[in-house]
Amino acid sequence: MGISVIVDAFVVVVVGGLGSIGGSMAGSLIVGAAQTWGGFYLPETAMVIMYAVMGAILIFRPTGLFGEEE
Amino acid sequence: MAGARRGLALAALVFLGVCPFVLARYQLSILTELMIFGLLALSLDLIMGYTGMVSFGHAAYFGLGAYGSALILIHFELPVPVALLTGALLAGAVALPIGYLSTRATGIYFAMLTLAFAQLLYTIAYKWRDLTGGSDGIAGVPKTSLWWGGPSLASPAAYFYLVAVSLVLSMLACRGLVRSPFGRALQAIRENERKFATLGQDPRRFKLTVFVISAVFAGLAGALFAPFRGFASPEVMFWVLSGQALMMVIIGGIGTLIGPVLGAMVFMLIQEVLSSYTEQWMLFTGAIFVLMVIFLPGGLVGAVRGWLETSASPAGSTARLWSFRRKAERG
(Lines give C-alpha, C1' and ligand atoms only; values in the text may rest on other atoms or scores of the structure.)
Protein backbone atom coordinates (compact mmCIF):
# COMPACT_ATOMS: atom_id res chain seq x y z
CA MET A 1 0.00 0.00 0.00
CA GLY A 2 1.69 3.13 -1.22
CA ILE A 3 5.05 1.55 -0.69
CA SER A 4 6.32 2.64 -4.09
CA VAL A 5 5.29 6.22 -3.30
CA ILE A 6 7.58 6.21 -0.27
CA VAL A 7 10.60 5.49 -2.40
CA ASP A 8 9.50 7.94 -5.12
CA ALA A 9 9.11 10.71 -2.56
CA PHE A 10 12.51 9.93 -1.08
CA VAL A 11 14.11 10.11 -4.51
CA VAL A 12 12.45 13.45 -5.25
CA VAL A 13 13.60 15.00 -1.97
CA VAL A 14 17.14 13.71 -2.33
CA VAL A 15 17.44 14.86 -5.96
CA GLY A 16 16.32 18.34 -4.94
CA GLY A 17 18.51 18.40 -1.85
CA LEU A 18 17.45 18.05 1.79
CA GLY A 19 16.14 21.20 3.39
CA SER A 20 15.25 22.92 0.14
CA ILE A 21 11.56 23.23 -0.72
CA GLY A 22 12.25 24.69 -4.14
CA GLY A 23 14.68 21.82 -4.69
CA SER A 24 11.93 19.31 -3.95
CA MET A 25 9.67 20.97 -6.51
CA ALA A 26 12.45 20.89 -9.09
CA GLY A 27 13.20 17.29 -8.10
CA SER A 28 9.59 16.23 -8.56
CA LEU A 29 9.49 17.81 -12.02
CA ILE A 30 12.76 16.15 -13.02
CA VAL A 31 11.80 12.72 -11.69
CA GLY A 32 8.27 12.95 -13.09
CA ALA A 33 9.46 14.05 -16.52
CA ALA A 34 12.18 11.41 -16.59
CA GLN A 35 9.72 8.67 -15.68
CA THR A 36 7.09 9.73 -18.21
CA TRP A 37 9.35 10.45 -21.16
CA GLY A 38 11.73 7.67 -20.30
CA GLY A 39 8.85 5.21 -20.14
CA PHE A 40 7.55 6.43 -23.49
CA TYR A 41 10.73 6.61 -25.55
CA LEU A 42 12.75 3.88 -23.85
CA PRO A 43 10.22 1.45 -22.36
CA GLU A 44 13.04 -0.99 -21.57
CA THR A 45 14.42 1.41 -18.99
CA ALA A 46 11.11 2.36 -17.36
CA MET A 47 11.91 0.37 -14.23
CA VAL A 48 15.18 2.06 -13.54
CA ILE A 49 15.12 5.50 -15.14
CA MET A 50 14.27 7.25 -11.87
CA TYR A 51 17.21 5.66 -10.06
CA ALA A 52 19.56 6.32 -12.96
CA VAL A 53 18.65 10.02 -12.92
CA MET A 54 19.10 10.18 -9.15
CA GLY A 55 22.41 8.35 -9.32
CA ALA A 56 23.74 10.64 -12.05
CA ILE A 57 22.72 13.76 -10.12
CA LEU A 58 24.13 12.57 -6.80
CA ILE A 59 27.45 11.56 -8.34
CA PHE A 60 27.97 15.08 -9.66
CA ARG A 61 26.27 16.91 -6.80
CA PRO A 62 26.60 14.72 -3.67
CA THR A 63 24.09 16.83 -1.70
CA GLY A 64 21.42 17.08 -4.38
CA LEU A 65 20.70 19.96 -6.72
CA PHE A 66 19.94 22.62 -4.11
CA GLY A 67 21.15 20.95 -0.93
CA GLU A 68 23.57 22.79 1.29
CA GLU A 69 27.15 21.62 1.58
CA GLU A 70 27.73 19.87 4.87
CA MET B 1 31.99 -10.71 31.98
CA ALA B 2 34.56 -11.99 29.50
CA GLY B 3 34.27 -15.49 30.97
CA ALA B 4 30.50 -15.41 30.67
CA ARG B 5 30.78 -14.37 27.03
CA ARG B 6 33.20 -17.18 26.29
CA GLY B 7 30.82 -19.61 27.98
CA LEU B 8 27.91 -18.32 25.90
CA ALA B 9 29.91 -18.62 22.68
CA LEU B 10 30.89 -22.19 23.58
CA ALA B 11 27.27 -23.06 24.38
CA ALA B 12 26.17 -21.62 21.04
CA LEU B 13 28.80 -23.71 19.21
CA VAL B 14 27.71 -26.89 21.02
CA PHE B 15 24.10 -26.05 20.20
CA LEU B 16 24.95 -25.66 16.50
CA GLY B 17 26.89 -28.92 16.64
CA VAL B 18 24.00 -31.01 17.97
CA CYS B 19 21.23 -29.31 15.98
CA PRO B 20 21.22 -31.78 13.06
CA PHE B 21 20.78 -34.66 15.52
CA VAL B 22 17.90 -33.25 17.54
CA LEU B 23 15.98 -31.03 15.13
CA ALA B 24 13.45 -32.10 12.54
CA ARG B 25 14.19 -31.54 8.87
CA TYR B 26 11.95 -28.48 8.61
CA GLN B 27 13.38 -26.83 11.72
CA LEU B 28 16.88 -27.49 10.47
CA SER B 29 16.16 -25.81 7.15
CA ILE B 30 14.62 -22.79 8.93
CA LEU B 31 17.70 -22.48 11.13
CA THR B 32 19.96 -22.71 8.06
CA GLU B 33 18.02 -19.89 6.43
CA LEU B 34 18.17 -17.81 9.62
CA MET B 35 21.95 -18.16 9.71
CA ILE B 36 22.27 -17.09 6.06
CA PHE B 37 20.29 -13.92 6.73
CA GLY B 38 22.25 -13.46 9.95
CA LEU B 39 25.39 -13.33 7.84
CA LEU B 40 23.77 -10.74 5.55
CA ALA B 41 22.82 -8.58 8.55
CA LEU B 42 26.32 -8.98 10.00
CA SER B 43 27.87 -7.72 6.76
CA LEU B 44 25.55 -4.71 6.74
CA ASP B 45 26.46 -3.89 10.34
CA LEU B 46 30.13 -3.61 9.36
CA ILE B 47 29.38 -0.45 7.38
CA MET B 48 26.25 0.66 9.21
CA GLY B 49 27.18 0.03 12.84
CA TYR B 50 30.94 0.35 12.80
CA THR B 51 31.46 3.00 10.13
CA GLY B 52 28.18 4.88 10.25
CA MET B 53 27.36 4.43 6.56
CA VAL B 54 23.73 3.39 6.17
CA SER B 55 23.44 1.42 2.95
CA PHE B 56 20.00 1.00 1.45
CA GLY B 57 21.15 -1.32 -1.31
CA HIS B 58 22.76 -4.20 0.47
CA ALA B 59 20.49 -6.76 -1.17
CA ALA B 60 22.35 -6.13 -4.43
CA TYR B 61 25.51 -7.79 -3.11
CA PHE B 62 23.52 -10.63 -1.59
CA GLY B 63 21.90 -11.08 -5.01
CA LEU B 64 25.21 -10.88 -6.87
CA GLY B 65 26.57 -13.61 -4.61
CA ALA B 66 23.47 -15.71 -5.23
CA TYR B 67 23.67 -15.33 -9.03
CA GLY B 68 27.41 -15.88 -9.09
CA SER B 69 27.20 -19.11 -7.15
CA ALA B 70 24.08 -20.29 -9.01
CA LEU B 71 25.72 -19.80 -12.43
CA ILE B 72 28.90 -21.58 -11.37
CA LEU B 73 27.01 -24.53 -9.92
CA ILE B 74 24.59 -24.86 -12.84
CA HIS B 75 27.09 -24.58 -15.66
CA PHE B 76 30.23 -26.14 -14.23
CA GLU B 77 29.09 -28.30 -11.29
CA LEU B 78 32.14 -27.24 -9.29
CA PRO B 79 32.38 -27.83 -5.52
CA VAL B 80 30.27 -25.49 -3.39
CA PRO B 81 33.22 -23.61 -1.82
CA VAL B 82 34.37 -22.56 -5.31
CA ALA B 83 30.89 -21.18 -5.91
CA LEU B 84 30.97 -19.38 -2.55
CA LEU B 85 34.28 -17.80 -3.42
CA THR B 86 33.01 -16.77 -6.86
CA GLY B 87 29.86 -15.21 -5.42
CA ALA B 88 31.73 -13.33 -2.71
CA LEU B 89 34.39 -12.05 -5.12
CA LEU B 90 31.79 -11.05 -7.72
CA ALA B 91 29.95 -9.00 -5.09
CA GLY B 92 33.21 -7.40 -3.96
CA ALA B 93 34.29 -6.62 -7.53
CA VAL B 94 31.00 -4.90 -8.34
CA ALA B 95 31.01 -3.08 -4.99
CA LEU B 96 34.36 -1.47 -5.80
CA PRO B 97 33.17 0.98 -8.50
CA ILE B 98 29.81 1.44 -6.78
CA GLY B 99 31.51 2.19 -3.49
CA TYR B 100 33.93 4.56 -5.21
CA LEU B 101 31.05 6.61 -6.58
CA SER B 102 28.77 6.28 -3.53
CA THR B 103 31.30 7.30 -0.88
CA ARG B 104 31.47 10.74 -2.47
CA ALA B 105 28.19 11.37 -0.69
CA THR B 106 27.40 10.94 3.00
CA GLY B 107 24.36 10.24 5.16
CA ILE B 108 21.03 9.92 3.39
CA TYR B 109 22.63 10.79 0.05
CA PHE B 110 24.95 7.81 0.41
CA ALA B 111 21.98 5.61 1.26
CA MET B 112 20.08 6.79 -1.82
CA LEU B 113 23.08 6.27 -4.11
CA THR B 114 23.49 2.71 -2.91
CA LEU B 115 19.75 2.24 -3.47
CA ALA B 116 20.05 3.61 -7.00
CA PHE B 117 22.86 1.23 -7.90
CA ALA B 118 21.05 -1.69 -6.29
CA GLN B 119 17.94 -1.00 -8.36
CA LEU B 120 20.15 -0.75 -11.45
CA LEU B 121 21.57 -4.20 -10.71
CA TYR B 122 18.08 -5.51 -9.99
CA THR B 123 16.90 -4.29 -13.38
CA ILE B 124 19.87 -5.92 -15.09
CA ALA B 125 19.10 -9.21 -13.35
CA TYR B 126 15.47 -8.83 -14.40
CA LYS B 127 16.11 -7.95 -18.05
CA TRP B 128 19.19 -10.01 -18.95
CA ARG B 129 17.14 -13.10 -19.74
CA ASP B 130 19.93 -15.07 -21.43
CA LEU B 131 22.15 -15.00 -18.39
CA THR B 132 19.84 -14.71 -15.41
CA GLY B 133 16.59 -16.18 -16.68
CA GLY B 134 14.77 -12.89 -16.13
CA SER B 135 11.93 -12.93 -13.63
CA ASP B 136 11.94 -16.73 -13.54
CA GLY B 137 15.46 -16.70 -12.18
CA ILE B 138 17.79 -19.68 -12.24
CA ALA B 139 16.19 -22.85 -10.91
CA GLY B 140 17.66 -26.21 -10.02
CA VAL B 141 20.90 -24.99 -8.46
CA PRO B 142 22.54 -28.17 -7.15
CA LYS B 143 24.22 -28.58 -3.80
CA THR B 144 27.37 -30.25 -5.07
CA SER B 145 30.25 -31.55 -2.98
CA LEU B 146 32.63 -30.04 -0.45
CA TRP B 147 35.61 -30.55 -2.75
CA TRP B 148 36.36 -32.48 -5.96
CA GLY B 149 35.18 -36.01 -5.26
CA GLY B 150 34.55 -35.06 -1.64
CA PRO B 151 31.46 -35.61 0.49
CA SER B 152 28.13 -34.44 -0.92
CA LEU B 153 26.41 -31.45 0.65
CA ALA B 154 22.97 -32.47 -0.58
CA SER B 155 21.69 -33.57 2.84
CA PRO B 156 20.14 -30.86 5.06
CA ALA B 157 22.56 -31.69 7.90
CA ALA B 158 25.66 -31.33 5.72
CA TYR B 159 24.48 -28.02 4.32
CA PHE B 160 23.57 -26.84 7.80
CA TYR B 161 27.13 -27.46 8.94
CA LEU B 162 28.51 -25.65 5.91
CA VAL B 163 26.39 -22.58 6.68
CA ALA B 164 27.18 -22.74 10.40
CA VAL B 165 30.92 -22.94 9.76
CA SER B 166 30.72 -20.06 7.25
CA LEU B 167 28.83 -17.92 9.74
CA VAL B 168 31.17 -18.64 12.64
CA LEU B 169 34.28 -18.01 10.54
CA SER B 170 32.78 -14.78 9.19
CA MET B 171 31.98 -13.61 12.71
CA LEU B 172 35.54 -14.34 13.82
CA ALA B 173 36.89 -12.48 10.79
CA CYS B 174 34.66 -9.49 11.51
CA ARG B 175 35.68 -9.57 15.16
CA GLY B 176 39.33 -9.42 14.15
CA LEU B 177 38.55 -6.67 11.68
CA VAL B 178 36.74 -4.33 14.08
CA ARG B 179 39.42 -4.81 16.76
CA SER B 180 42.30 -4.12 14.37
CA PRO B 181 43.74 -0.62 13.88
CA PHE B 182 41.72 -0.49 10.67
CA GLY B 183 38.55 -1.21 12.65
CA ARG B 184 39.45 1.49 15.18
CA ALA B 185 39.85 3.92 12.30
CA LEU B 186 36.38 2.98 11.04
CA GLN B 187 34.86 3.70 14.44
CA ALA B 188 36.70 7.01 14.56
CA ILE B 189 35.13 7.90 11.21
CA ARG B 190 31.73 6.97 12.59
CA GLU B 191 32.19 9.23 15.61
CA ASN B 192 33.49 12.24 13.72
CA GLU B 193 34.55 12.10 10.10
CA ARG B 194 35.87 15.65 9.98
CA LYS B 195 38.10 15.18 13.03
CA PHE B 196 39.39 11.98 11.49
CA ALA B 197 40.28 13.85 8.29
CA THR B 198 42.23 16.45 10.28
CA LEU B 199 44.50 13.64 11.49
CA GLY B 200 45.85 13.47 7.97
CA GLN B 201 44.03 10.42 6.70
CA ASP B 202 41.55 10.27 3.88
CA PRO B 203 38.32 8.80 5.33
CA ARG B 204 37.07 7.87 1.86
CA ARG B 205 39.78 5.26 1.41
CA PHE B 206 38.73 3.55 4.65
CA LYS B 207 35.05 3.82 3.79
CA LEU B 208 35.58 2.34 0.33
CA THR B 209 37.62 -0.55 1.75
CA VAL B 210 35.06 -1.48 4.38
CA PHE B 211 32.25 -1.11 1.83
CA VAL B 212 33.92 -3.71 -0.39
CA ILE B 213 34.65 -6.02 2.58
CA SER B 214 31.04 -5.75 3.65
CA ALA B 215 29.86 -6.55 0.12
CA VAL B 216 32.10 -9.64 0.08
CA PHE B 217 30.41 -10.99 3.21
CA ALA B 218 26.97 -10.14 1.82
CA GLY B 219 27.98 -11.96 -1.36
CA LEU B 220 29.02 -14.96 0.68
CA ALA B 221 25.59 -15.00 2.32
CA GLY B 222 23.93 -14.84 -1.10
CA ALA B 223 26.23 -17.53 -2.46
CA LEU B 224 25.14 -19.79 0.41
CA PHE B 225 21.50 -18.92 -0.24
CA ALA B 226 21.28 -19.94 -3.93
CA PRO B 227 22.17 -23.63 -3.49
CA PHE B 228 20.21 -23.74 -0.23
CA ARG B 229 16.97 -22.65 -1.91
CA GLY B 230 17.91 -24.21 -5.23
CA PHE B 231 17.28 -21.01 -7.15
CA ALA B 232 18.30 -17.40 -7.59
CA SER B 233 15.69 -14.88 -8.70
CA PRO B 234 15.68 -11.06 -9.01
CA GLU B 235 13.70 -10.93 -5.77
CA VAL B 236 16.91 -11.45 -3.79
CA MET B 237 18.20 -8.15 -5.19
CA PHE B 238 15.07 -6.10 -4.61
CA TRP B 239 15.19 -3.14 -2.23
CA VAL B 240 12.68 -4.78 0.11
CA LEU B 241 15.42 -7.18 1.20
CA SER B 242 17.77 -4.23 1.78
CA GLY B 243 15.16 -2.71 4.06
CA GLN B 244 14.68 -5.99 5.88
CA ALA B 245 18.42 -6.25 6.44
CA LEU B 246 18.36 -2.78 7.99
CA MET B 247 15.53 -3.88 10.29
CA MET B 248 17.46 -6.98 11.33
CA VAL B 249 20.47 -4.90 12.34
CA ILE B 250 18.36 -2.37 14.23
CA ILE B 251 16.37 -5.03 16.08
CA GLY B 252 19.48 -6.95 17.06
CA GLY B 253 21.69 -4.04 18.05
CA ILE B 254 23.69 -1.67 15.84
CA GLY B 255 27.45 -1.77 16.21
CA THR B 256 27.68 -5.25 17.73
CA LEU B 257 28.69 -8.50 16.08
CA ILE B 258 26.20 -10.92 17.61
CA GLY B 259 23.34 -8.39 17.47
CA PRO B 260 22.66 -8.49 13.72
CA VAL B 261 22.74 -12.29 13.71
CA LEU B 262 20.25 -12.47 16.58
CA GLY B 263 18.21 -9.69 14.99
CA ALA B 264 17.96 -11.59 11.71
CA MET B 265 16.83 -14.70 13.56
CA VAL B 266 14.19 -12.85 15.59
CA PHE B 267 13.01 -10.89 12.54
CA MET B 268 12.57 -14.01 10.40
CA LEU B 269 11.08 -16.09 13.22
CA ILE B 270 8.46 -13.48 14.08
CA GLN B 271 7.40 -13.37 10.43
CA GLU B 272 7.45 -17.14 10.10
CA VAL B 273 5.39 -17.76 13.24
CA LEU B 274 2.88 -14.96 12.79
CA SER B 275 2.25 -15.68 9.11
CA SER B 276 1.35 -19.25 10.01
CA TYR B 277 -1.34 -18.01 12.43
CA THR B 278 -3.02 -15.10 10.70
CA GLU B 279 -3.54 -13.52 7.31
CA GLN B 280 -2.94 -10.06 8.78
CA TRP B 281 0.54 -10.94 10.03
CA MET B 282 2.10 -7.81 8.55
CA LEU B 283 -0.03 -5.70 10.89
CA PHE B 284 1.36 -7.51 13.91
CA THR B 285 4.96 -7.66 12.74
CA GLY B 286 4.81 -3.93 12.04
CA ALA B 287 3.47 -3.23 15.53
CA ILE B 288 6.08 -5.47 17.16
CA PHE B 289 8.92 -3.74 15.31
CA VAL B 290 7.64 -0.28 16.23
CA LEU B 291 7.43 -1.30 19.90
CA MET B 292 10.88 -2.87 19.80
CA VAL B 293 12.48 0.23 18.31
CA ILE B 294 10.76 2.47 20.90
CA PHE B 295 11.43 0.37 23.99
CA LEU B 296 14.69 -1.34 23.02
CA PRO B 297 16.60 1.46 21.35
CA GLY B 298 19.89 -0.44 21.65
CA GLY B 299 18.33 -3.52 20.13
CA LEU B 300 18.24 -6.94 21.76
CA VAL B 301 21.94 -6.85 22.64
CA GLY B 302 21.60 -3.38 24.13
CA ALA B 303 18.70 -4.56 26.29
CA VAL B 304 20.58 -7.61 27.55
CA ARG B 305 23.68 -5.53 28.28
CA GLY B 306 21.69 -2.95 30.21
CA TRP B 307 19.97 -5.70 32.16
CA LEU B 308 23.28 -7.39 33.00
CA GLU B 309 24.81 -4.12 34.16
CA THR B 310 21.94 -3.24 36.45
CA SER B 311 21.71 -6.71 37.96
CA ALA B 312 25.48 -7.01 38.39
CA SER B 313 25.85 -4.06 40.75
CA PRO B 314 23.37 -2.37 43.08
CA ALA B 315 24.62 0.97 41.88
CA GLY B 316 24.14 -0.10 38.29
CA SER B 317 20.70 1.37 37.89
CA THR B 318 21.88 4.77 39.06
CA ALA B 319 24.87 4.53 36.76
CA ARG B 320 22.58 3.79 33.86
CA LEU B 321 20.35 6.68 34.74
CA TRP B 322 23.36 8.97 34.76
CA SER B 323 24.69 7.73 31.47
CA PHE B 324 21.23 8.24 30.03
CA ARG B 325 21.11 11.80 31.33
CA ARG B 326 24.56 12.55 29.99
CA LYS B 327 23.45 11.33 26.60
CA ALA B 328 20.38 13.53 26.78
CA GLU B 329 22.48 16.56 27.65
CA ARG B 330 24.79 15.93 24.74
CA GLY B 331 21.72 15.90 22.56
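In which helix of chain B is B:Gly7 found? I looked this up as my opening entry: B:Gly7 is found in helix 1 of chain B, residues 2-22, where helices are DSSP runs of H or I with at least four residues, numbered from the N terminus.

**Ground rules.** I am working with a predicted model, in which local features need pLDDT of at least 70 and side-chain atom pairs count only at pLDDT 80 or more, while totals for chains, interfaces and linings use all residues. Residues are numbered from 1 along each chain as its sequence is written, chains are lettered from A and ligands numbered from 1 in the order in which they are written, and side-chain values use heavy atoms, with hydrogens and water left out.

**B:Gly7, continued.** I noted that B:Gly7 has a relative accessibility of 38% and counts as partly exposed, a class that lies between buried, under 20% relative accessible area, and exposed, over 50%, computed with a 1.4 Å probe on protein chains only. I also looked up the distance from B:Gly7 to B:Arg25, which is 18 residues away along the chain, and found their C-alpha atoms separated by 28 Å.

**Salt bridges.** I searched the whole structure for salt bridges (a side-chain nitrogen of Lys or Arg within 4 Å of a carboxyl oxygen of Asp or Glu) and found 3 over all chains.

- I found B:Glu33 and B:Arg229 joined through their side chains at 2.7 Å, N to O. B:Glu33 lies in helix 2 of chain B (residues 25-48) and B:Arg229 in helix 10 of chain B (residues 203-229), so this pair ties together parts that are 196 residues apart in sequence. B:Glu33 is buried at 13% relative accessible area, whereas B:Arg229 is partly exposed at 38%.
- I found B:Lys207 in a salt bridge with B:Glu193, with 3.1 Å between the closest N and O atoms. Because B:Lys207 lies in helix 10 of chain B and B:Glu193 in helix 9 of chain B (residues 193-198), the pair ties together parts that are 14 residues apart in sequence. B:Lys207 is buried, with a relative accessibility of 4%, and B:Glu193 is partly exposed at 28%.
- I found B:Glu191 and B:Arg190 meeting in a salt bridge at 3.2 Å, N to O; B:Glu191 is exposed at 58% relative accessibility, while B:Arg190 is partly exposed at 33%.

**B:Thr51.** I placed B:Thr51 in the loop between helix 2 and helix 3 (59-76) of chain B, where B:Thr51 is buried at 3% relative accessible area. Leaving aside neighbours within four places in sequence, I listed the residues in contact with B:Thr51 (heavy atoms within 4.5 Å), and among them are B:Leu186, B:Ile189 and two salt-bridge residues from the entries above, B:Arg190 and B:Lys207.

**B:Thr256.** I found B:Thr256 in the loop between helix 11 (239-252) and helix 12 (258-277) of chain B, buried at 8% relative accessibility. The side chain of B:Thr256 reaches the backbone nitrogen of B:Gly259 at 3.2 Å. Not counting neighbours within four places in sequence, B:Thr256 is in contact with B:Asp45, B:Tyr50, B:Val301 and B:Arg305.

**Where chain A meets chain B.** I looked up the interface and found 21 residues of chain A in contact with 19 residues of chain B. The two chains bury about 1,800 Å² between them, 76% of it on carbon and sulfur atoms; buried area here is the accessible area (1.4 Å probe) that two parts lose on being put together, summed over both. The count of salt bridges between chain A and chain B is 0. The elements giving two or more residues to the side of chain A that touches chain B are helix 1 (3-16) and helix 3 (49-60) of chain A, and helix 3 of chain A provides the largest share, 6 residues.

**Nonpolar core.** I then looked up the largest nonpolar core, meaning a set of buried Ala, Val, Leu, Ile, Met, Phe, Trp, Tyr and Cys residues joined through side-chain atoms within 4.5 Å, and found that it has 116 residues, with A:Val11, A:Tyr51, A:Met54, B:Phe37, B:Tyr61 and B:Phe62 having the most contacts inside it. Helix 2 of chain B gives the most to this core, with 15 residues. I followed B:Phe62 further and noted that, residues up to four places away in sequence not being counted, the residues it touches include B:Phe37, B:Leu40, B:Phe225 and B:Leu241.

Conventions
Polar contact = N/O pair within 3.5 Å; in protein donor to acceptor, adjacent residues only side chain to side chain.
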